Amino acid sequence: MIKVAFFDTKEYDKASFERYEKPGDVEFKFLETKLTEDTAELANGCDAVCVFVNDTVNGTVIDKLYAGGTKMIALRCAGYNNVDVEHAYGKIHVAHVPAYSPYAVAEHTAALLLTSIRRIHKAYNRTRDFNFSLSGLTGFDLNGKTVGVVGTGKIGRIFINICRGFGMNVIAYDAFPAKDSDIEYVSLVELFERSDIISLHCPLTGETRHMINAEAIEKMKKGVVILNTSRGALIDAEALLAGIKARKVGAACLDVYEEEADIFFEDRSGHILNDELLSRLISMPNVIVTSHQAFLTEEALNNIAETTMKNIGSFFENDGICDNELCYRCGHIESCKKTRKERCF
Ligand code: NAI
């Protein structure tokens, strides 16, 4: 029997995973708490743990899980910047869901953009209060504007197509530009200088951390709209706030925030938010924050559950071989066995 402990479980996670539980065969332990150094032992005796974006999977947590008998960490998301994959090597196998609905994230990015520049969020509140004034709601046309897309992977490319549908000029930057595409690649500096709208779709790495900082904002056009549905730490939020206060940044739409781990996904209304920076950003009339919601469509949730259970199934029933295994050596060191279609360790 395979026992799986789910951390940071929400009711929509339960709804999409419950159908895969088979008593005596595959059993689930749904935990509402996040995985941390203090909660790792709740997974003792579980073969796999299933975690999400804001669970902590550092060296200490990995050692505790390993001591408790866990053999696999199944991420129910694509990004894995919260997992110390190097520390896990040789101890616990890590798998993720590389794609579940890039459309969900790209479409949410477009929704944020349109909401922001056409002031839909303000109009919605006004008309609910029978305030039919148009004062302060002037937007701008997307047609003919230049959008700079950072990261032209699955989500970035769908977002590019959406933007082209609006008649926008698209320029892009990627550390690994696609060879087979009609995308106009430019340097990051040129992208900052030319874009009316900048949208981030690259992973968070040591290199991309705070790629939008004071120096980058300095290079941007006055009134630039910044969209981030990727990872919070791509933006130095202090610098963003300063850019907004200086009227350099025209609007910011954030689905992610560097310090979101202890804030997002919970109802904190009625509490005093202990994050001055986020409170200040949210108080700005030209900032829209959604709480890491871009992935949240029915299609994405079903795909996440299906692929996660396939990952777990193939790992435990296929001699430990799992196509979606994340191994820090894969792609870096030729000797990694996975490159020979075997196990990583
Ligand atoms: P992907 O792996 O298909 O594409 C990422 C692209 O970024 C690749 O083209 C890659 O070459 C490029 N890249 C890598 N390093 C770079 C660098 N230093 N500078 C510029 N580009 C670089 O990933 P996908 O599926 O398009 O996802 C993109 C990001 O979206 C993920 O890393 C994740 O952080 C975020 N995401 C957010 C979700 C949400 O709910 N808000 C849900 C799913 C993903």
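1. A quick definition before anything else: a polar contact here is a pair of N or O atoms within 3.5 Å. With that in hand, S230 makes the cut, as one of its backbone N or O atoms lies 3.4 Å from an oxygen atom of the ligand. Bear in mind that this is a predicted model.

2. Two side chains join in. R231 puts a polar side-chain atom 3.4 Å from a ligand oxygen, while D255 has a polar side-chain atom 3.0 Å from a ligand nitrogen. As for cover, the ligand on its own would expose 860 Å², and the protein buries 86% of that.

3. Now the wider surroundings. There are 23 residues around the ligand, and those coming nearest are K154, I155, D174, T229 and D255. So D255 turns up again, this time among the nearest residues. By type, the shell splits into 10 nonpolar, 8 polar and 5 charged residues. If you're scanning the surface for pockets, the largest one is the space the ligand takes.

4. On to the sheet. It is open and built from 6 strands, ordered 2-1-3-4-5-13, with mixed pairing. Strand 2 (26-30) and strand 13 (325-326) each have a single partner strand, so they stand at the edges with one side left without a neighbour in the sheet.

5. For a closer look inside the sheet, try strand 3 (residues 48-51) and strand 4 (residues 72-75): they run parallel and are joined by 4 bridges. In that pair, C50 stands opposite A74 of strand 4. As background, strands of a sheet pair through backbone hydrogen bonds, in either a parallel or an antiparallel way.

Technical notes
Residues numbered from 1 in each chain as written. Predicted model: local features only at pLDDT ≥ 70, side-chain atom pairs only at ≥ 80, totals over all residues. Heavy atoms only, no water. Near = heavy atom within 4 Å. Polar contact = N/O pair within 3.5 Å; in protein donor to acceptor, adjacent residues only side chain to side chain. Areas by Shrake-Rupley, 256 points an atom, 1.4 Å probe, with all protein chains shown as cover. 1 Å grid on protein atoms, 1.4 Å probe; cavity = no way out; pocket = protein on both sides within 12 Å on 5 of 7 lines; lining within 4 Å. Sits in = over half its atoms within 2 Å of the grid points. Nonpolar A, V, L, I, M, F, W, Y, C, P; charged D, E, K, R; others polar. Pairing = 2+ DSSP bridges. Helix = DSSP H or I, 4+ residues; strand = E, 2+ residues; numbered from the N terminus.
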